[in-house]
Amino acid sequence: MPKVIIHNAVDPAARALLEARPGMEIQVIERDERERLRRELADADAIILRYLPLDAGDLRAAPNLKVIARHGVGYDNVDMAAAGECGIPVATIGDANSLTVAEITLYLMLATAKQGLTHDAAVRGGDWWQVREEARSIELYQKTVLVVGFGRIGSLVAPRCRAFGMAVNVCDPYIPQSLISDAGFTPVADFSAALADADIVTLHTPLNDETRHMIDAPALARMKKGAILINTSRGPVADGAALHAAIASGHIHAAGLDVFEEEPPQPANPLLAHTNSIFTPHIGGLSRECFYRSAIVCAQNSLDAIDGKLNAAYVVNPEVL
Ligand code: NAD
């Protein structure tokens, strides 16, 4: 009887799709059930994985595992070397959450530009008149945005910025630059110079050795005074301590962050004190619609792996197939 483990926090649609297959065993694992996870992995065929970490010990204890169906596109919670060594494919949800993340990016851009938190607090706290005298919000119209990374998400953010009348520069050295110019945006080769030209910088690269702290103190110093930084990619792409210092000094106007170097951030994280910035708890891909889509893709990837026909387009380590 095939067995699928589901990390509890997925849309019930995943379970429904799996249960439609006669004879399927489903085990639901709660967030803190590490010991039980290891036991259940012993005879599992598939696991639908949210943010639980899967280490080498877990993977070596899972001899039947035919897929790790990641409920997202990042897979930094899986020991990929061990997955390769054990021959276990890791399948993501592909582009199922790209649009949702692009929308959160625009939300953070608007919320920082329009100082959403400050204005909301003014209404609730009775500070109606003072804040109206300060005219704190800025327009996106005719501002320059630098989109860093023109993959699934960056390429959806760029046209949404254009719709607001922004000049859109794109930095992505790893794709044909014609993809950027053919879409009507300006490719930039010199990241440093592009930082200095932008009113808003928005990050959409993967996290790797090259992009870790890509936005560090010198990069922030090169940005325009009063610029805004948006990060919906991975927390460590921006150096949190340097970002705090740049906002505290007034050089950077605000940050809109969905991701943090440590998640959740400690209450004492100084970034959290900046009320002109706005934060979301890594919910970039968690619209209701996307939660449903992600569950369906994960369940289908599990069924397909059990049937020996996993769609290679979702697999991030295809060498094991
Ligand atoms: P993708 O792989 O489709 O695109 C990434 C792009 O970045 C690629 O085009 C690549 O060429 C480019 N790139 C790589 N290194 C670069 C560099 N040094 N400079 C400029 N560009 C570079 O990825 P995606 O699906 O668009 O995801 C982008 C990021 O968003 C990832 O970090 C992903 O983990 C993250 N993400 C976050 C959430 C969330 O909930 N906040 C959800 C999904 C994805």
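This tour passes through two sheets, the helices that lie on them, and the ligand.

The structure in the viewer is a predicted model.

**The five-stranded sheet**

Begin by selecting strands β1 to β5, which form an open sheet in the order β2-β1-β3-β4-β5, with parallel pairing. At its edges stand β2 (25-29) and β5 (90-91); each has a single partner strand, so one side of each is left without a neighbour in the sheet.

Next, select residues 46-49, which make up β3, together with residues 67-70, which make up β4. These two strands run parallel and are joined by four bridges. Within this pair, display L49 and its bridge partner in β4, R70.

Two helices may now be added to the view. Helix α2 (residues 34-41) lies across β1 (3-7), β2 and β3, and runs at about 160° to β2. Helix α13 (residues 288-306) lies across β1, β3, β4 and β5, and its angle to β4 is about 170°.

**The seven-stranded sheet**

Turn then to the open sheet of seven strands, whose order is β8-β7-β6-β9-β10-β11-β12 and whose pairing is parallel. Its edge strands are β8 (186-187) and β12 (278-279), each of which pairs on one side only.

Select residues 200-203 for β9 and residues 227-231 for β10; four bridges join these parallel strands. Here V201 of the first selection stands opposite L229 in β10. Helix α12 (residues 240-248) packs on the sheet, where it touches β10 and β11 (252-257), and its direction makes about 140° with that of β11.

Helix α8 (residues 154-163) is the next selection: it lies across β6 (144-148), β7 (167-171) and β9, and runs at about 170° to β6.

**The ligand**

Finally, select the ligand and the residues around it. Which residues are the closest to the ligand? Of the 28 that surround it, the closest are R152, I153, D172, T205 and D258. By class, this shell has twelve nonpolar, eleven polar and five charged residues.

Three distances from oxygen atoms of the ligand can be displayed in turn. At D172, an N or O atom of the side chain is 2.6 Å from a ligand oxygen atom. At H282, the corresponding distance to a side-chain N or O atom is 3.4 Å. At G285, a polar backbone atom lies 3.3 Å from an oxygen atom of the ligand. On its own the ligand has 860 Å² of accessible area, and the protein covers 87% of this.

Definitions and conventions:
Residues numbered from 1 in each chain as written. Predicted model: local features only at pLDDT ≥ 70, side-chain atom pairs only at ≥ 80, totals over all residues. Heavy atoms only, no water. Pairing = 2+ DSSP bridges. Contact = heavy atoms within 4.5 Å. Axes fitted to C-alpha atoms, helices over the stretch in contact; angles between N-to-C directions. Near = heavy atom within 4 Å. Polar contact = N/O pair within 3.5 Å; in protein donor to acceptor, adjacent residues only side chain to side chain. Areas by Shrake-Rupley, 256 points an atom, 1.4 Å probe, with all protein chains shown as cover. Nonpolar A, V, L, I, M, F, W, Y, C, P; charged D, E, K, R; others polar.
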